[in-house]
Amino acid sequence: MNIGEASKTSGVSAKMIRYYESIGLIPGIMRTHAGYRVYGESDVHTLRFIRRSRDLGFSVPDMTRLLKLWSDGSRASSDVKQIALQHISTIEAKMRELQEMADTLRHLADHCHGDDRPNCPIIDGLAAGLTSPPRPTAPRRRAEHRGV
């Protein structure tokens with residue numbers, strides 16, 4: 001099949017297929033005498049693997065490692081799991097960062113009147129470099145003295 005058909009069948013755009021080929025992620029694509037790419041079922045299967053890996057946010061280096069492990073029948077599943085767990089850790093760190101961003105923006109928006117006045121805590125917070133909402137301080141407890 002040609003690149004257009006491979007694109008439709010795999011769900012990977014022709015532009016990305018060309019890119020993946022240029023970086024060696026999908027090597028060895030056969031060509032006609034005229035230089036047109038010709039894709040077989042195994043190429044489309046590889047493209048689907050890449051598409052799913054990309055959908056899960058894996059980097060190109062990780063996809064390269066996963067593809068090598070996928071084609072290695074003697075692979076250790078622990079090697080694959082290590083890549084996945086490392087990626088999960090990266091995703092969770094990004095989630096924490098995004099939550100902090102949302103908390104900061106929510107705090108600023110909650111303190112903005114949103115009226116015709118020019119003062120705006122959102123602008124003030126951006127100008128001050130506020131990166132996280134002020135943390136509320138816990139009320140101090142009175143020390144209790146017990147007689148012994």
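Is H87 buried or exposed? I started my notebook with this residue, keeping in mind that the model is predicted.

**Entry 1: H87**

I looked up H87 and found that its relative accessible area is 11%, so the residue counts as buried. I then placed H87 along the chain, and it belongs to helix α5, which covers residues 77–110. Setting aside residues up to four places away in sequence, I noted that H87 is in contact with L56, G57 and F58. I checked the polar side of this contact as well: the side chain of H87 comes to 2.8 Å from the backbone oxygen of L56, and a polar atom of that side chain lies 3.4 Å from the backbone oxygen of G57. For F58 I took the C-alpha distance to H87, which is 7.1 Å although 29 residues separate the two along the chain.

**Entry 2: the chain as a whole**

I stepped back to count elements, and the secondary structure of the protein chain comes to six helices and two strands. Read from the N terminus, I wrote the order down as α-α-β-β-α-α-α-α. Of the 148 residues in the protein chain, 20% are buried. I also looked at how the contacts are spread: among those between residues at least 6 apart in sequence, 46% join residues at least 24 apart. The chain exposes about 11400 Å², and I noted that carbon and sulfur atoms supply 55% of this area.

Before going further I checked the confidence of the prediction, and the mean pLDDT of the chain is 89, with 87% of the residues scoring at least 70. Among the elements, α3 has the highest mean pLDDT, at 97, and α6 the lowest, at 89. I keep a general caution beside these values, that where pLDDT is low, the predicted coordinates should not be read in detail.

**Entry 3: helix α1**

Which residues of α1 are buried? I listed I3, A6, S7 and S10, and they lie on the same side of α1 because they cover an arc of only 100° around the axis. This agrees with what I know of helices in general: an α-helix has 3.6 residues a turn, so residues three or four places apart point the same way. I then asked what covers the buried residues of α1, and the cover includes α2, β2 and α3. At the start of α1, I found a side-chain oxygen of N2 within 3.0 Å of the backbone nitrogen of G4. After α1 comes G11, for which I recorded a positive phi, near 85°.

**Entry 4: helix α2**

I repeated the search for α2, residues 14–22, and its buried residues are I17, Y20 and E21. These cover an arc of only 100° around the axis, which means that they sit on the same side of α2. On the face turned away from that buried side I found the exposed residues K15 and S22. What covers the buried residues of α2 includes α1 (3–10), the strands β1 (30–31) and β2 (37–38), and the helices α3 (41–55) and α4 (60–71). The residue G24 follows α2, and I noted that its phi is positive, near 85°.

**Entry 5: C112 and C120**

How many disulfides does the chain have? I counted zero disulfides, remembering that a disulfide is a covalent bond between the sulfur atoms of two cysteines. I looked for the reason at C112, and its closest cysteine sulfur, in C120, is 3.6 Å away, which is too far for a bond, since the cut-off for a disulfide is 2.5 Å. Seen from the other partner, C120 is in no disulfide, and its nearest cysteine sulfur is that of C112.

I compared these cysteines with the burial classes as well: C112 has 23% relative accessibility and therefore counts as partly exposed, whereas C120 has 16% and therefore counts as buried. I located C120 in the loop between α5 and α6 (121–128). As a last distance, I recorded that the C-alpha atoms of C120 and A109 are 8.9 Å apart, with the two residues eleven apart in sequence.

Conventions: Residues numbered from 1 in each chain as written. Predicted model: local features only at pLDDT ≥ 70, side-chain atom pairs only at ≥ 80, totals over all residues. Heavy atoms only, no water. Buried < 20%, exposed > 50% of the residue type's maximum accessible area, 1.4 Å probe, protein only. Helix = DSSP H or I, 4+ residues; strand = E, 2+ residues; numbered from the N terminus. Arc of directions from axis to C-beta. Contact = heavy atoms within 4.5 Å. Polar contact = N/O pair within 3.5 Å; in protein donor to acceptor, adjacent residues only side chain to side chain. Areas by Shrake-Rupley, 256 points an atom, 1.4 Å probe, with all protein chains shown as cover. pLDDT = per-residue confidence, 0-100.
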